[in-house]
Amino acid sequence: MRRLPWWLILAAAGTYAFLYVPLIVVVAYSFNNSRLNAEWVGFTLDWYRLLFQDEEMLRAARNSLFIALVSSGVATVLGTMAGLAMHRWRFRWLPLLVVTPVAMPEILLGVSLLVFFIQVLHLTLGMLSVVLAHITFSIGFVAIVVRARLAGMDESVFEAARDLGASPWQTFRLVTLPLILPAVVAGFLMAFTLSIDDFVITFFTAGVGVSTLPLQIYSMIKIAVTPEVNAVSTLLMLLTLVLVLAASRLDKGLMRAGR
Amino acid sequence: MSLLEIRDVTRRFGAFEAVKEVSFGVEGGEFFTLLGPSGCGKTTLLRMIAGFDLPNAGRILLDGRDLADTPAELRPIHTVFQSFALFPHLTVAENVAFPLRMARVPDDELKRRLGEALDMVHLADLADHYPHELSGGQKQRVALARGLINRPRLLLLDEPLGALDLKLREEMQLELIKLQREVGITFIFVTHSQPEALALSHRIAVMRDGRVEQLDEPSRIYGFPVNRFVADFIGNCNLLEAEVRAADEGGLRLAVAGLGEVRAPPDGVSKQGDKGLLALRPEQVGVAGEADPAWGNRFPGTVEDFLYIGDVTTYQVRLDNGFRLQALLPNAAAGRARFFDPGDRVTVGWSGAAGHYVRET
């Protein structure tokens, strides 16, 4: 095997360092026995203990989980339907309609949702508005994943089901859904990750009553980056990592089943 | 009354007419084949019979009942797809039992019939396997068992042997014939492979450009093609432009451009002055060093080339007037690879009772 030139190795190492050192620092300081993010003093779990006693933080975490579950659940159903529709009817404008919110700058989506909720729907900002907003930006992601799954599949399987006596609903339940299930679950996990991490759109649509983890972290660092923030960030990072890994696992499994 | 009747069926895609006013009937118990090159409309026709597509005009009747308002899942017609279309997430047994489950067949009866179906295609040992664990031939059998298990009135087969290699294809052909005879279900088979059609079918409809060119038994399609397309498409054929000089009970006397007079069997309809083709199968043409007295038609020529195939050798002979003829000689004698070399002077000929005159109007 040929050895890579030193500068390529250096470039790769530099890139990864740039990507991961900040994360590692946060994780490390969350275990640091010092109020200051300055020097390493010693190992402690105090900040995590503190975190789990912080009522405000726990409420924010509950809100985040609730919002993520509901919004990604609804987005998965709607996104799957959109993915199926995009696959079946090849209207050129349909993918555009579904995917545009994905490509839209978040700040734009946040502002327009805010205006829409207040000016058009006369909605009081709160849990409902945040959930609606999260559904809005998640649908596209689910739809894309589901459509990608369908694109690689033998179309005659669905015709075979009809041919052998299955009604359209039976065909969906017994053939289509089991075959796209890995993509549906992957889409759900993606939507969940996006929802639990979202700051910008949540910031615009939450109003004063509701706080989520990202909003809570933001309000805390306005004062100072405390080790507690490091701790909650570490937990959030861990959750996201697990979900992303699970989603990519499923995506691979789904290729195997598609043969 | 035919089991299935196709009446003046037309299917258009935009300005393109895939199927043009096709009419024919399929009898119960028949092995019926739609044969034609790709794009001839055979698959479109099959999809309309299955219920995946609807004709723009004309009617499709099963047992005299119009199928127009019956969706695919309610038609007693099942399909074996070219890609087999097995459900990848279900086992062999679950795949085969699928039609019975859809028909809400009770459990004990389902089990019994599933067992019979799996035995029929020799798959009982693989019942718990998934499709991706099967070979091409096994997948094919699963698809067949699944199509037959609920005893449809009609089984449609869309180039089901196309995905198999040659050896396996021949095995499956024999198995298909046997299976069809055993179950007695009417098969409509779609293929572009003419040897397959000839080998399997009771009757063949040869299609081109959305129309049926000829519908007949295999031996008549091969022996008595109705036009240039059918003669050329089915098997190898020497086609000689010919004009009828005289016709009587004894046979036809044809004027073939460049060859002179050629005798052909009578067809009962052609008369003096008709223009057409003499279709001559390579196996009807003989090659010899000396003219065989049994030949009513003989011409001198030179061997140009030959193809040794094993059981037979095909010779390309250029006649002295420039005409090229194909002749097929069996290699029945042991150890004998061929009889003539390129450049050999030979006489080619055929009996006055051989060949078939195709009228072209």
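Two strands pair if DSSP finds at least two bridges between them. Strands (E, at least two residues) and helices (H or I, at least four) are DSSP runs, numbered from the N terminus. Keep these two ideas handy for the exercises below.

This is a predicted model, in which local features need pLDDT of at least 70 and side-chain atom pairs count only at pLDDT 80 or more, while totals for chains, interfaces and linings use all residues. Residues are numbered from 1 along each chain as its sequence is written, and chains are lettered from A and ligands numbered from 1 in the order in which they are written.

**Exercise 1. Follow the sheet that holds β15 of chain B, and find the partner of B:Val287.**

Step 1: Lay out the strands. The open sheet has five of them, in the order β15-β19-β16-β17-β18 (chain B), with antiparallel pairing.

Step 2: Look at the edges. β15 (286-288) and β18 (324-330) of chain B each pair on one side only.

Step 3: Consider the twist, which averages 45° from one strand to the next. Angles run from 0 to 180 degrees between N-to-C directions, and axes are lines fitted to C-alpha atoms, for helices over the stretch in contact.

Step 4: Zoom in on one pair. β15(B) is joined by three bridges to strand β19 (residues 345-350) of chain B, and the two run antiparallel. Here B:Val287 faces B:Val348 in β19(B).

**Exercise 2. Work outward from β11 of chain B to its two neighbours.**

Step 1: Place the strand. An open, antiparallel sheet of five strands runs in the order β13-β12-β11-β14-β20 (chain B). Its edge strands are β13 (260-264) and β20 (356-359) of chain B.

Step 2: Take the β14 side. Strand β11 (residues 238-248) and strand β14 (residues 275-280), both of chain B, share six bridges in the antiparallel sense. B:Glu241 sits opposite B:Leu277 in β14(B), and B:Ala242 sits opposite B:Gly276.

Step 3: Take the β12 side. β11(B) also pairs over six bridges, again antiparallel, with strand β12 (residues 251-256) of chain B. B:Val244 has B:Leu254 as its bridge partner there, and a hairpin of two residues links β11(B) to β12(B).

**Exercise 3. Describe how the two domains of chain B are arranged, and explain where the largest nonpolar core lies.**

Step 1: Mark the domains. An automatic or database domain assignment supplies the bounds, giving domain 1 (4-229) and domain 2 (236-359) for chain B.

Step 2: Set them in space. Their centres, taken over C-alpha atoms, are 38 Å apart. Six residues of domain 1 of chain B are in contact (C-beta atoms, placed from the backbone, within 7 Å) with five residues of domain 2 of chain B.

Step 3: Define the core. A nonpolar core is a set of buried Ala, Val, Leu, Ile, Met, Phe, Trp, Tyr and Cys residues joined through C-beta atoms within 7 Å. Buried means that 20 or more other C-beta atoms lie within 10 Å of a residue's own; 12 or fewer makes it exposed, and anything in between partly exposed, with C-beta atoms placed from the backbone.

Step 4: Find its hubs. The largest core has 155 residues, and among those touching the most other members are B:Ile49, B:Ile188 and B:Leu254. Helix α8 (residues 168-197) of chain A gives the largest share, 13 residues.

Step 5: Locate the core. Domain 1 (4-229) and domain 2 (236-359) of chain B both contribute residues, so this core lies between them.

Step 6: Inspect one hub. Leaving out residues up to four places away in sequence, B:Ile188 touches B:Val26, B:Phe32, B:Leu34, B:Leu46, B:Ile49, B:Leu154 and B:Leu156.

**Exercise 4. Which parts of chain B touch chain A?**

Step 1: Count the residues. Chain B brings 18 and chain A brings 17 to the contact.

Step 2: Name the elements. β6 (77-80) and α2 (92-102) of chain B each supply at least two residues, and α2(B) gives the most, with three.

Step 3: Sort by class. The chain B side has 11 nonpolar, five polar and two charged residues. For this sorting, Ala, Val, Leu, Ile, Met, Phe, Trp, Tyr, Cys and Pro count as nonpolar, Asp, Glu, Lys and Arg as charged, and the others, Gly among them, as polar.

Note on methods
Two residues are in contact if their C-beta atoms, placed from the backbone, lie within 7 Å.
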